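Open the model in your viewer and keep the selection tool at hand. The stops below say what to select next and what is there.

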Amino acid sequence: MRALDWRCAAEQAAAWLYPRRCPFCNELLGADAVQGTFCPACKAEEERLSHRPPRLPATEHHFYALQSALAAYYYSGTVREAILLCKRGFHPWYARELADRMAVRIWGATPASCPGRRPQNELFRDMPLYHCIVPVPPHQPQPGLPGLPLLLARRLGILWGIPVETPLYTVRGTAAQKGLSRTDRMENARKAYACRKSADLSGKRVLLVDDIITTGATVSACALALLKAGAVDVTAAAIAADEELPKEKRTSTEK
Ligand SMILES: [Zn+2]
């Protein structure tokens, strides 16, 4: 049995011992799980909040240094709650299901057949779109908590057999992005990220992973640092984009 098969078998055994849960409502996933990753009760909400097409419009964000930016969902409702639970360290195991949703929603992977299995992506099998996956570093690292972008990157790396690299770091002395105006965010973020001197990304196509893309300031600044370290192009991907929901997707409370 090849190493990858062992890992698959171990994951399925772990899913049997520790059943997977719906990232949107925490219900145990059974044989009727939708695409192996969420419960049937969340199907309508998952569909409503899906970001189609996954490419983010430049009119809603401010991007530079990026090839493109992609997201699976709008940052609202149950998607927002799932991300917050993951980020605050209460339910880090949701990261696996959320990364699998990214693989299906953004790159069109064939969904997993049941909980604990992996989505399959033929697109990456013969010729990977990216040479490595890089997570956006946390602004304030918490001891013992790897951070949601790193968890997502690791899962996507396993799905596609692509290495995860962590060349980026947060430059000390820069303010947190939250609470700043759009202009201040762009200016603050530009100085906030850099690549380690030892990082060599020469000639690499990089997939930069974050949990949420808001203004685009963070992913653009990270992309710039990666390009300076030799990357040839950088695509950003997130679980969700913080954008105004299209009218047809709003519920009565969101109108
Ligand atoms: Zn659910």
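Start inside. The largest nonpolar core has 46 residues, and those with the most contacts inside it are Phe24, Met102, Trp107, Leu156, Trp160 and Leu207. A nonpolar core here is a set of buried Ala, Val, Leu, Ile, Met, Phe, Trp, Tyr and Cys residues joined through side-chain atoms within 4.5 Å. Buried means under 20% relative accessible area, exposed means over 50%, and partly exposed lies in between (1.4 Å probe, protein chains only). Now colour by element: β1 (68-74), α3 (77-87), α4 (94-107), α6 (148-160), β5 and β6 each supply at least two residues of this core. Helix α4 gives the largest share, nine residues. Another core, of 31 residues, lies apart from it; Ala69, Leu208, Ile213 and Ala225 are among its members.

A word on the source. This is a predicted model, in which local features need pLDDT of at least 70 and side-chain atom pairs count only at pLDDT 80 or more, while totals for chains, interfaces and linings use all residues. Residues are numbered from 1 along each chain as its sequence is written, and side-chain values use heavy atoms, with hydrogens and water left out.

**Zoom out**

Show the whole protein as a cartoon. Eight helices and six strands make up its secondary structure. Helices (H or I, at least four residues) and strands (E, at least two) are DSSP runs, numbered from the N terminus. Along the sequence, the pattern reads α-α-β-α-α-α-β-α-β-α-β-β-α-β. The radius of gyration is 18 Å, close to the 18 Å that the globule rule gives for 255 residues, so the protein is as compact as a globular protein of that length. That radius is taken over C-alpha atoms, and the rule is 2.2 Å times the number of residues to the power 0.38. Along the principal axes, the C-alpha atoms fill a box of roughly 50 × 50 × 35 Å. Of the 255 residues, 50% count as buried.

**The strands**

Select residues 205-213. This is strand β5; eight of its nine residues are buried, so β5 is largely enclosed by the rest of the structure. Which strands pair with β5? Strand β2 (residues 132-135) does so in the parallel sense, over four bridges. Strand β6 (residues 233-241) also runs parallel to β5, joined by eight bridges. Two strands count as paired if DSSP finds at least two bridges between them. Pick out one residue pair for each: Val134 has Leu208 in β5 as its bridge partner, and Leu207 stands opposite Thr235 in β6.

Next, trace the chain from β5 through helix α8 (residues 217-228) to β6: this β-α-β crossover is right-handed. The term applies if, with the strands pointing away from the viewer, the path from the first strand over the helix to the second runs clockwise.

Move on to β1. Six bridges join β1 to β6, and the two run parallel. Tyr74 stands opposite Ala241 in β6. Seven of the seven residues of β1 are buried, so this strand is largely enclosed by the rest of the structure.

**The zinc site**

Select the zinc ion. Which residues coordinate the zinc ion? Cys22, Cys25, Cys39 and Cys42 do, each through SG, at 2.2 to 2.3 Å. Donors are N, O and S atoms within 2.8 Å of the metal (3.2 Å for Na, K and Ca); water is not among the atoms, so sites may look incomplete. Along the chain, the donors follow the spacing C-x2-C-x13-C-x2-C. The angles among the four donor atoms are 102 to 116°, and the site is tetrahedral. For four donors, that label requires all angles to lie between 85 and 135 degrees. Cys39 counts as buried at 6% relative accessibility, and Cys42 does at 8%.

**The loops**

Stay with the loop between α1 (3-17) and α2, and select Asn26. Asn26 has a positive phi of about 70° although it is not a glycine. At 27% relative accessibility, Asn26 is partly exposed.

Continue to the loop between α2 (43-48) and β1, where Pro53 lies. The peptide bond from Arg52 to Pro53 is cis, with omega near -5°. Ala65 is in the loop between α2 and β1. Ala65 has a positive phi of about 65°. Most residues other than glycine have a negative phi, and most peptide bonds are trans.

Finish at Gly116, in the loop between α4 and α5 (122-126). Is Gly116 buried or exposed? Gly116 is buried, with a relative accessible area of 5%. Add Ala14 to the selection: the C-alpha atoms of Gly116 and Ala14 are separated by 7.8 Å, though 102 residues apart along the chain.

Conventions: Tetrahedral: all angles 85-135°; square planar, octahedral: opposite > 155°, others 65-115°.
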